[in-house]
Amino acid sequence: MNAQSPDRHYLSRLARLAVGTRFDGLSAATVAAARAVTLDTLGAVLAGGRLAENARLAGLATERSGSRAATLVGHAGKAEPMLAALANGTAGVSLEMDEGNRWGGGHPAIHVLPATLAVAEELGVGGRRFIEALVAGYEVTSRLGGAAQLRPNVHSHGTWGTAGAAVAVARLRDHDAAAIRTVINLATSMSPANSWAPCFEGATVRNLYPGRSNLQGILATHLLACGYTAVHDAPSDLYGTILGERFDPDAVMEGVSAEDRVAVYRIERNYFKFHACCLYNHPALDAVHSLVHADGLAAQDVERIRVTSMPFVTRMADPSPANMLAAKFSIPYAVAAAVVTGVTDVSAFSDAVREDPRVRQLAARVEVSGDDAMSLRSGPGRPAARVSVMLRDGRLLTREAAIVHGDTANPRPRHELEAKFRALASEALDAGRVNEVVDMVARLEQLEDVRTLTALLRTAP
């Protein structure tokens with residue numbers, strides 16, 4: 001059988017990899033990663049759901065639903081699964097606290113988990129099937145994303161995550177490899193085209209992109225059932241000619257054995273966010289954190305700050321962001337807020353901090369420059385950011401940061417991940433309910449029906 005045969009086409013192999021992702025074949029590390037990603041993503045959804053526009057979207061989802069089979073996380077109501085996935089996916093990205101993967105796919109979990117959870121609840125499946133669907137969908141999202149070189153102004157949210165969500169839902173519906181290949185193509189053809197402008201301007205329509213991925217991933221499986229047909233190779237078509245400058249099918253299958261198996265799933269190689277903003281801020285903020293907490297850096301002592309990092313950061317240099325979302329994509333603001341407040345959690349990006357004169361004045365003295373040698377994929381010893389602080393007394397303090405704190409290669413302890421969840425969930429759920437969710441996710445694979453988990457994620461009417 002030659003390499004060009006249909007059976008060896010990268011999409012056929014990717015579909016078989018997804019079908020072959022079975023719980024009994026997952027390592028303990030993969031299962032632990034799936035539990036951690038589930039807890040972290042639920043925290044992001046619970047916290048994001050408190051924003052007024054997201055609460056109204058959840059209400060709209062309930063109002064417009066006939067069959068209300070899926071939980072609106074952090075709210076009292078339920079909705080049709082596609083609309084629940086839309087609302088939950090939108091909420092989960094709104095505070096920029098959702099996990100990601102620097103090896104590809106941007107933020108796979110928020111594009112896959114809401115759809116997986118909604119359909120798993122609708123079908124009443126157990127924790128093991130939920131995990132294997134999540135792992136499979138995450139893998140497809142990351143692999144397609146890692147193989148695409150997007151055009152400079154294309155924002156990846158909502159793109160390949162649509163295919164990953166479709167794969168996860170197809171797994172829950174017990175589709176075979178041929179059907180999964182078709183839903184990948186159907187879903188990819190519905191990928192939205194988005195630019196970075198909404199991020200920099202703070203236009204919250206940007207938060208809908210992962211929500212749409214989840215909705216359209218579920219929709220792709222319904223379209224398959226309706227008899228819709230797909231193009232032969234949608235990822236190569238879309239990511240190689242329209243959204244991207246290049247798409248490499250061979251890169252999709254990098255590290256996959258001839259039997260279409262992997263030794264380590266991408267969900268095990270993720271990062272968790274401990275700064276409530278775009279990842280491109282994180283290396284610089286890690287360096288600032290060291291200066292503030294180890295060197296006692298104080299805002300009143302600072303003459304100016306220079307941040308050098310990967311070239312993209314020069315697009316994130318607005319010192320006066322218009323609102324909370326725009327602030328999360330501003331390096332001068334994030335650095336200034338970190339120095340003034342000493343924190344980089346959700347509170348650091350609130351309107352109160354954004355309007356603080358001390359933050360505004362310091363942000364105006366933060367310079368940003370790019371270095372072609374710096375990258376988020378930099379390894380140990382190769383900095384991803386350098387922060388130099390000129391003090392009023394003439395001293396120069398410099399710190400570098402490489403792999404961000406929270407990455408699998410630079411992990412934070414489990415208790416910090418749980419503390420993050422508790423902080424995010426605390427405004428939506430009472431302390432007792434938060435503890436129950438933590439305990440239940442810790443034994444996710446033992447659940448006979450994921451509805452026992454989703455029941456805990458709803459609030460009282």
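**Entry 1: Asp233**

I looked up the neighbours of Asp233 in this predicted model. Leaving aside residues up to four places away in sequence, Asp233 touches His9, Tyr10, Leu11 and Asn185. I then checked where Asp233 sits: in the loop between helix H10 (208–226) and helix H11 (234–241). Is Asp233 buried or exposed? Its relative accessible area is 16%, and the limit for buried is under 20%, so Asp233 counts as buried. I also took a distance to Val183, which is 50 residues away in sequence. From C-alpha to C-alpha, Asp233 and Val183 are 11 Å apart in space.

**Entry 2: H7 and H8**

Val183 led me to helix H8 (residues 177–188), which packs with helix H7 (residues 161–172) at an angle of about 145°. The two axes are 8 Å apart. I noted the contact residues: H7 supplies Thr162, Ala163, Ala166, Val167, Ala170 and Arg171, while H8 supplies Ile180, Val183, Ile184, Ala187 and Thr188. Sorted by class, they are eight nonpolar, two polar and one charged. H7 passes H8 in a right-handed crossing.

**Entry 3: H4**

I compared the length of helix H4 (residues 81–93) with what is expected. At 1.5 Å a residue its 13 residues should span 18 Å, and the end C-alpha atoms are 18 Å apart, so the two agree. Next I asked how many of the 13 residues of H4 are buried. The count is twelve, so to speak of H4 as mostly covered is fair. Among the buried ones are Met82, Leu86, Asn88 and Val93. The buried residues pack against several elements, including helix H2 (28–48), helix H5 (108–123) and H10. At the start of H4, a side-chain oxygen of Glu80 comes to within 2.6 Å of the backbone nitrogen of Met82.

Terms used
Residues numbered from 1 in each chain as written. Predicted model: local features only at pLDDT ≥ 70, side-chain atom pairs only at ≥ 80, totals over all residues. Heavy atoms only, no water. Axes fitted to C-alpha atoms, helices over the stretch in contact; angles between N-to-C directions. Helix = DSSP H or I, 4+ residues; strand = E, 2+ residues; numbered from the N terminus. Left-handed = near helix turned anticlockwise from the far one by under 90°. Contact = heavy atoms within 4.5 Å. Nonpolar A, V, L, I, M, F, W, Y, C, P; charged D, E, K, R; others polar. Buried < 20%, exposed > 50% of the residue type's maximum accessible area, 1.4 Å probe, protein only. Expected span 1.5 Å × (residues − 1). Polar contact = N/O pair within 3.5 Å; in protein donor to acceptor, adjacent residues only side chain to side chain.
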